[in-house]
Structures are given as structure tokens and as C-alpha cells.
Amino acid sequence: MALDLSRIQALCFDVDGTLSDTDDLYVQKVARLLRPLRGILPGNDPHRAARRLVMALETPGNAVLGLIDTLGMDDELIALSNFLNRRVRRRPKHFLLIPGVDRMLEELYAHYPMAIVSARDERTTLAFLEHFHLTHYFRVIVTALSREHTKPYPDPVLFAAEQMGVAPDACLMIGDTTVDIRAGRAAGAQTVGVLCGFGEEDELRRHGADLILQSTVQLSDVLLGSDAEKSLSDS
Ligand SMILES: [Mg+2]
């Protein structure tokens with residue numbers, strides 16, 4: 001498992017769990033609600049299940065079902081997700097920036113065209129990017145309805161590549177769940193799985209991530225560290 005850095009000409013970023021984190025207090029609340037169900041939860045771990053459910057709840061429309069399906073949740077958990085969704089519907093959106101992501105984007109912006117490839121809707125994606133003054137870093141913002149199919153289909157990655165004027169296999173798709181890895185690979189791109197979100201290392205590896213990072217912010221070291229070395233060895 002290794003990235004071919006020489007191939008990378010453009011970057012595609014997922015949003016939830018990759019650039020943005022969700023409110024941990026909220027996860028803790030959901031985890032408390034789930035505690036009585038510990039016995040049927042993956043890994044018997046209410047906190048882990050709560051993070052995944054919160055992500056599903058934050059992701060509107062069809063993406064929720066696709067995601068729940070992807071996460072291998074069964075009908076009972078879908079019913080539970082619907083139940084929780086009704087209970088927390090009035091909760092104001094409270095997304096957080098993963099620490100250091102703004103600086104990382106600023107550094108990478110000088111070297112690569114960049115795209116957002118999110119399964120969220122356009123309104124909340126733009127609201128997040130604008131809130132943290134990140135919008136201008138991206139050549140194109142691809143959201144759930146930009147194409148007929150969203151992740152894990154390759155369509156949004158192919159569209160982002162086209163809009164950035166690079167071949168799909170020159171793209172690097174960065175994301176925290178298996179849908180990101182699957183979409184990237186299906187488009188012919190290389191992929192990075194990050195562990196600062198909602199996915200887990202073994203499933204990201206199993207779906208063929210070319211590299212796993214603890215946090216998205218390590219990407220500048222991976223890409224620009226080698227750039228610096230390259231320019232040193234070239235000189
Ligand atoms: Mg994500």
C-alpha cells in the first residue's frame with residue numbers, strides 16, 4: 001500500500017469526518033441513548049455506534065440510506081436512526097473544523113487544484129465551507145445532487161476531475177469512510193483513508209485505500225514533504 005506521488009495532480013476532499021468533525025457532546029448524548037442496546041451494537045460499543053449514527057443523521061436524504069447500507073446496519077438500526085432523527089430534528093447544526101485543516105488547505109492550495117466531493121446537500125456544504133472561510137480553496141464543489149449518482153459511484157469524482165481539467169487517475173480522493181475509497185477507486189483515482197472521522201482502519205484498507213492517515217492534516221507532510229525533497233534532489 002503506497003501512493004504514487006508522481007501521478008497526483010489534483011485533490012478531492014470529502015467533508016464530513018474529513019474536513020469537519022461532529023460535536024462530541026452530541027455523540028455522547030446519543031451514546032447514552034444507545035447504552036441499553038449495547039448487546040446488539042457493532043463491537044458492543046455505544047460510542048462507536050453513536051459516532052456512526054450521528055454522521056448518518058447529519059447526512060440528508062438518500063445519502064443516509066446509502067450510508068447506513070454501506071455501514072452494514074440492519075433494519076433495526078435504520079428504525080433507530082429515524083427515531084433519533086425525529087428527536088433531534090430541531091437541534092441547530094453544529095459542525096466543527098478538524099484542527100489544522102484550514103492551514104493544511106492553505107498550504108496545499110499553492111500546489112494543487114482542489115475539489116470538494118461530498119454526499120451532503122449543497123446548502124449545508126456551502127454553509128460549512130463559508131463559515132470557516134474555505135470556499136475559495138476549491139475549484140469545484142460537488143455535492144449529493146451535482147450528478148445523478150453520488151458516492152460510492154465514481155460520478156462525482158469523474159466530474160470533479162473534469163472540472164479541474166485533469167485525468168481522473170491523476171486525482172487523489174481523501175475521505176474517512178469506505179464510500180470515499182470506493183468512489184475514488186471506481187473513478188481510477190488514488191485514495192487516502194483518514195481515521196479522524198467515522199470509518200475504521202480495517203474497512204478502509206479492505207476497500208483498497210492506498211494510504212491511511214490518522215488525520216487529514218498529515219496530508220501536507222505526505223504531499224509537500226516529498227515535494228520539498230524532490231526539489232532538493234532536482235537542484
Ligand atoms: Mg465522510
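In this predicted model, Cys12 makes contacts with residues distant from it in sequence: beyond its neighbours within four places, its partners are Ala115, Val117, Val157, Ala160, Cys171, Leu172, Met173 and Ile174. Cys12 also belongs to the largest nonpolar core, a set of 42 residues, and is listed with Ala115 and Val157 as having the most contacts inside that core. A separate core of nine residues lies apart from this one, and includes Val30, Ala31, Ala49 and Val54.

Two of the contact partners of Cys12, Ala115 and Val117, lead to strand β4, which spans residues 114-117. In a regular strand, side chains alternate between the two faces of the sheet. Strand β4 shows such an arrangement: Ala115 and Val117 point one way, Met114 and Ile116 point the other way, and all four are buried.

Strand β4 is paired with two strands considered here. Strand β1, residues 10-13, runs parallel to β4 and is joined to it by three bridges; within this pairing, Phe13 stands opposite Ile116. Strand β5, residues 140-142, is likewise parallel to β4 and joined to it by three bridges, with Val142 as the bridge partner of Val117. Between β4 and β5 the chain passes through helix α6, residues 122-131, forming a right-handed β-α-β crossover.

These elements belong to a protein chain with 10 helices and eight strands. Of its 235 residues, 43% count as buried. Among contacts in the chain with a separation of 6 or more, 62% are between residues 24 or more positions apart.

Terms used. Residues are numbered from 1 along each chain as its sequence is written. This is a predicted model: local features need pLDDT of at least 70, side-chain atom pairs count only at pLDDT 80 or more; totals for chains, interfaces and linings use all residues. A residue is buried if 20 or more other C-beta atoms lie within 10 Å of its own, exposed if 12 or fewer, and partly exposed in between; C-beta atoms are placed from the backbone. Two strands pair if DSSP finds at least two bridges between them. A crossover is right-handed if, with the strands pointing away from the viewer, the path from the first strand over the helix to the second runs clockwise. A nonpolar core is a set of buried Ala, Val, Leu, Ile, Met, Phe, Trp, Tyr and Cys residues joined through C-beta atoms within 7 Å. Two residues are in contact if their C-beta atoms, placed from the backbone, lie within 7 Å.
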